[in-house]
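Subject: Structure for your review

Dear colleague,

Please find below the structure I am handing over to you. A summary of what was found in it follows.

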Amino acid sequence: MPGVFEGFFAKRRKGVTLALLIAVSLLCLLLSNRTVVIRPKEVGLSVVGFFQKGFTGFFRWFGDTAGSIRQLSAARDELAVARERLQDMDRVTREIVELRRQNASLLEQLGFAQTLPPGRIAARVIARDTDNLFSTITINKGSRRGVRAGMPVVAWQGDMEGLVGKVVLVGGGSAQVLPLYDPQCLVSARLDRSRHEGLVAGQGKDRATIVMRYVRKTAAALVEYGDLVVTAGLGGLYPKGINIGRIREINAPAYESSLELSVEPIIDFDRLEDVFLIDAQPETAEGLK
Amino acid sequence: MNKDLRVTLFTLLALGICIMLQSTLLGKIAIRGVRPDLALIVLVFASLRKGSMVGQWSGFASGFLEDLMNVSPLGFHSLLKTVIGYLYGVFSGNVFVDPFLMPMVLVVVATLLKGVLAGIVSAIFGIAASGFITFTGRIWIEVAYNGVLAPFLFALLNLFKIFKQADKEGA
């Protein structure tokens, strides 16, 4: 009998291997898609993240060296401009301090408890998705630096802070972020001016446009092109008031009972380099300093 | 060392480098966020040259690596790449690959095949792959990108002695 089996496998070596590999893949898919298997991905992410850091660091070193030589001469001119701006900023800072004092006083009078701003963990983008099927941003901070799954991720571009997405998978020294433009990334949102609520979701294929749905049709008269969309703070995942984007198109399909708003994200994802993770438990971030 | 194993390991090294480049440096030359799939081109080349055994093992291992680097469920890319590696390996030694046209055609077909398989797997397992499962404009950008790069990458890989051996795998 063993001879029969050996003969069978020898003749069908390729077919048996194919069946085996497909079976392993399907088993992994079944288990990981039901979120039963999480550890292998996390362990793998830690290992892969190490190499991704190395690759990014290697190419960044070349880019930075060439760039720093160029920037040196430009820095002199910028220094003079910066000094002037510094004087302006001094004045603005004094005004902000005064406004904060007034705001605190008013909040106290209104009986509101002023909440401390949440802690932030700074991170750098080290890699993106390997192909065009999934939307992934890999950052260089992991569980060792207090990063946890579900943390909201924001970034500054220009003079505005905008929502990037949320952490979905955490390794030891790196983590994966699901960006705002992914269809799986759903954010409870609010129109900053009219205060109407809705649900923002990505479209996947287009990074420059996300969609806000479930906005009541009665809001149509109050919604304007360019209106700011911010997080509503519902659901407890994203803090209230983070900028998401600006309205670029207003659609009111006859077959829908709500508006469909095309929103241009505040963040240009192609230029994204540095991000901040919002720690809902500031003591974690404090402890890491 | 077994010849198949040696070729598979070398192919895996090339695939690993390509995947790392795709997730880091190639983002800079992405067109509308779409980057070329160099790993797919290497897989097609290696499978055609060395047969389905090398093709499916290389495809499985490189796909597994991609799964670790993406938010995709474990097994998604490994399944796609195993099937592609096997199918192209079946034609090993039976397809005349000229320096220009055939690499383009073979890689264009492989990219479309990847899209179709991704669509089928996503539909069966209910995976929300945000890419080109519905054959929107993005897949055609990748098809064109991969097609243009294929002759150059094939020419580069042809320089490696390990791929030059014209040993046809036992069918």
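**The nonpolar core**

In this predicted model, the largest nonpolar core comprises 97 residues, and those with the most contacts inside it are Ile244(A), Val42(B) and Val44(B). Helix α2 of chain B, residues 38-69, contributes the largest share of this core, namely 19 residues. Domain 1 (2-33) and domain 2 (186-266) of chain A both give residues to the core, so it lies between them.

These two domains are the ones given by the domain assignment of chain A. Taken over C-alpha atoms, the centres of domain 1 and domain 2 of chain A are separated by 49 Å.

As for Ile244(A), residues up to four places away in sequence are left out of its contact list. Among the residues that Ile244(A) touches are Gly162(A), Leu163(A), Val187(A), Ala189(A), Val200(A) and Thr231(A). The list also includes Val229(A), Val230(A), Val263(A), Pro265(A) and Ile266(A).

**The contact between chains A and B**

The contact draws 43 residues from chain A and 41 residues from chain B. On the side of chain B that touches chain A, at least two residues each are supplied by α1 (3-23), α2, α3 (76-90), α4 (101-125) and α5 (137-158) of chain B. With eight residues, α2(B) gives the most to that side. Sorted by class, the side of chain B that touches chain A holds 21 nonpolar, 15 polar and five charged residues.

Helix α2 of chain B therefore appears under both headings: it provides the largest share of the core, and it gives the most to the side of chain B that touches chain A.

Yours sincerely

Technical notes. Residues numbered from 1 in each chain as written. Chains lettered and ligands numbered in written order. Predicted model: local features only at pLDDT ≥ 70, side-chain atom pairs only at ≥ 80, totals over all residues. Core = buried A, V, L, I, M, F, W, Y, C linked by C-beta atoms within 7 Å. Buried ≥ 20, exposed ≤ 12 C-beta atoms within 10 Å, placed from the backbone. Helix = DSSP H or I, 4+ residues; strand = E, 2+ residues; numbered from the N terminus. Domains from an automatic or database assignment. Contact = placed C-beta atoms within 7 Å. Nonpolar A, V, L, I, M, F, W, Y, C, P; charged D, E, K, R; others polar.
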